[in-house]
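These are my notes from going through one chain, element by element. I kept the entries short and in the order in which I looked things up.

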Amino acid sequence: MTELEWEECDDPRALVLHMSNRNPRPPWGFYIPGSEFRWLVNERKRRLIGTACCARFEHLLPPAARDLLHSSWRVADYALGAQLTLPPRPGFFRRQFQSRCTVWAIEAVCHLAPLDLLALIEDVQRAVIAETSESVAWGEEMATQAQIVRCVVGNPFLRTHFDRAWATDTAKTLAQQMYDSREFGAMPILADALQDAGCENDDILAHCRDPHATHVRGCWVCDLVLGKA
Ligand SMILES: [Zn+2]
């Protein structure tokens, strides 16, 4: 996958594959032939991508699955010691719920470390297909999930320089509020704050100001401001 293909791709699975060493030519050179499966983004970022994709259909979930989803956000930040409340035994949710969608959704949310993001995204897709009518713009949903991946990962072909002096108190407060609330309407204001502090990086400012962007917790620009891995 080239940089242009990464930017224009509307299939989140293709982007996820590119981040894994299933991709024969990963851009960062992490791949060691014969080594264990390695990802080019860390577990936290992968869980934030997966949880954000699941949250796209939160309204379809029963309370038990919604609780798991909320736990998954916290697991990503190690707030729960990387533990989710798992189903007590295999097939438990299948007996609890009639809807196959619900079972898939719950199982998607339950994926634990090492989180198989590709399997999770495919579970999410099956769940959304099963629960939505054909009138749903399926291509749009996939494109949005691809945007989620790009928002969290950034540009894997480029190592962005971030000067800590740009992370002023104003910028950090804005980023933390968006991180906590998962509401990202203030991204253009964050761009202004970064620019006021001397940031002229086009990638950072364009990501904040893109009117069509979808931002989620773990957004690479907010993570840089907050000093998160
Ligand atoms: Zn973003």
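Before placing any residue in a loop, I fixed what I call a helix: a DSSP run of H or I with at least four residues, numbered from the N terminus. I also noted that this is a predicted model.

Entry: loop between H1 and H2.
I looked up Asp 10 and found it in the loop between helix H1 (3-8) and H2. Is Asp 10 buried, exposed or partly exposed? I counted 15 other C-beta atoms within 10 Å, so Asp 10 is partly exposed, given that buried needs 20 or more and exposed 12 or fewer. I then checked its contacts beyond four places in sequence, and Asp 10 touches Gly 139, Met 142, Ala 143 and Ala 146. I also took the C-alpha distance from Asp 10 to Thr 144, which is 7.8 Å across 134 residues of chain.

Entry: H2 and H8.
I turned next to the pair formed by helix H2 (residues 12-19) and helix H8 (residues 138-153). A packed pair of helices is described by the angle and the distance between the axes. For H2 and H8, the axes come within 8 Å and cross at roughly 30°. That crossing is under 35 degrees, so I wrote H2 and H8 down as roughly parallel to each other. Which residues meet? From H2 I listed Pro 12, Leu 15, Val 16 and Met 19, and from H8 Met 142, Gln 145, Ala 146, Val 149 and Val 153. Sorted by type, the residues of this contact are eight nonpolar, one polar and no charged.

Entry: Val 149 and the core.
I followed Val 149 further, leaving out its neighbours within four places in sequence. Val 149 is in contact with Pro 12, Leu 15, Val 16 and Ile 49. Val 149 is also among the residues with the most contacts inside the largest nonpolar core. The others I noted there are Ile 148, Val 152, Ala 175, Leu 190, Cys 219 and Val 221, and the core has 47 residues. At least three residues of this core come from each of domain 1 (3-153) and domain 2 (164-226).

Entry: whole chain.
How many helices and strands does the protein chain have? I found twelve helices and zero strands. Of the 229 residues, 35% are buried. Among contacts with a separation of 6 or more, 65% join residues 24 or more positions apart.

Entry: two phenylalanines in loops.
Phe 57 sits in the loop between helix H3 (43-55) and helix H4 (63-76). Phe 57 has 19 other C-beta atoms within 10 Å and is partly exposed. I put its C-alpha at 8.4 Å from that of Val 124, with the two positions 67 residues apart in sequence.
Phe 162 is in the loop between H8 and helix H9 (169-181). Phe 162 is partly exposed, with 18 other C-beta atoms within 10 Å. Its C-alpha lies 8.3 Å from that of Cys 199, and the two are 37 residues apart in sequence.

Entry: H9 and the loop after it.
In helix H9 I checked Thr 173. Thr 173 has 14 C-beta neighbours inside 10 Å and counts as partly exposed. Thr 173 and Leu 226 are 53 residues apart in sequence and 9.0 Å apart from C-alpha to C-alpha.
I went on to Arg 182, in the loop between H9 and helix H10 (187-196). Why does Arg 182 count as exposed? It has 12 C-beta neighbours inside 10 Å, and 12 or fewer counts as exposed. I also flagged its backbone: Arg 182 has a positive phi of about 60° although it is not a glycine. Most residues other than glycine have a negative phi.

Terms used: Residues numbered from 1 in each chain as written. Predicted model: local features only at pLDDT ≥ 70, side-chain atom pairs only at ≥ 80, totals over all residues. Axes fitted to C-alpha atoms, helices over the stretch in contact; angles between N-to-C directions. Parallel < 35°, antiparallel > 145°, perpendicular 65-115°, else oblique. Contact = placed C-beta atoms within 7 Å. Nonpolar A, V, L, I, M, F, W, Y, C, P; charged D, E, K, R; others polar. Core = buried A, V, L, I, M, F, W, Y, C linked by C-beta atoms within 7 Å. Domains from an automatic or database assignment.
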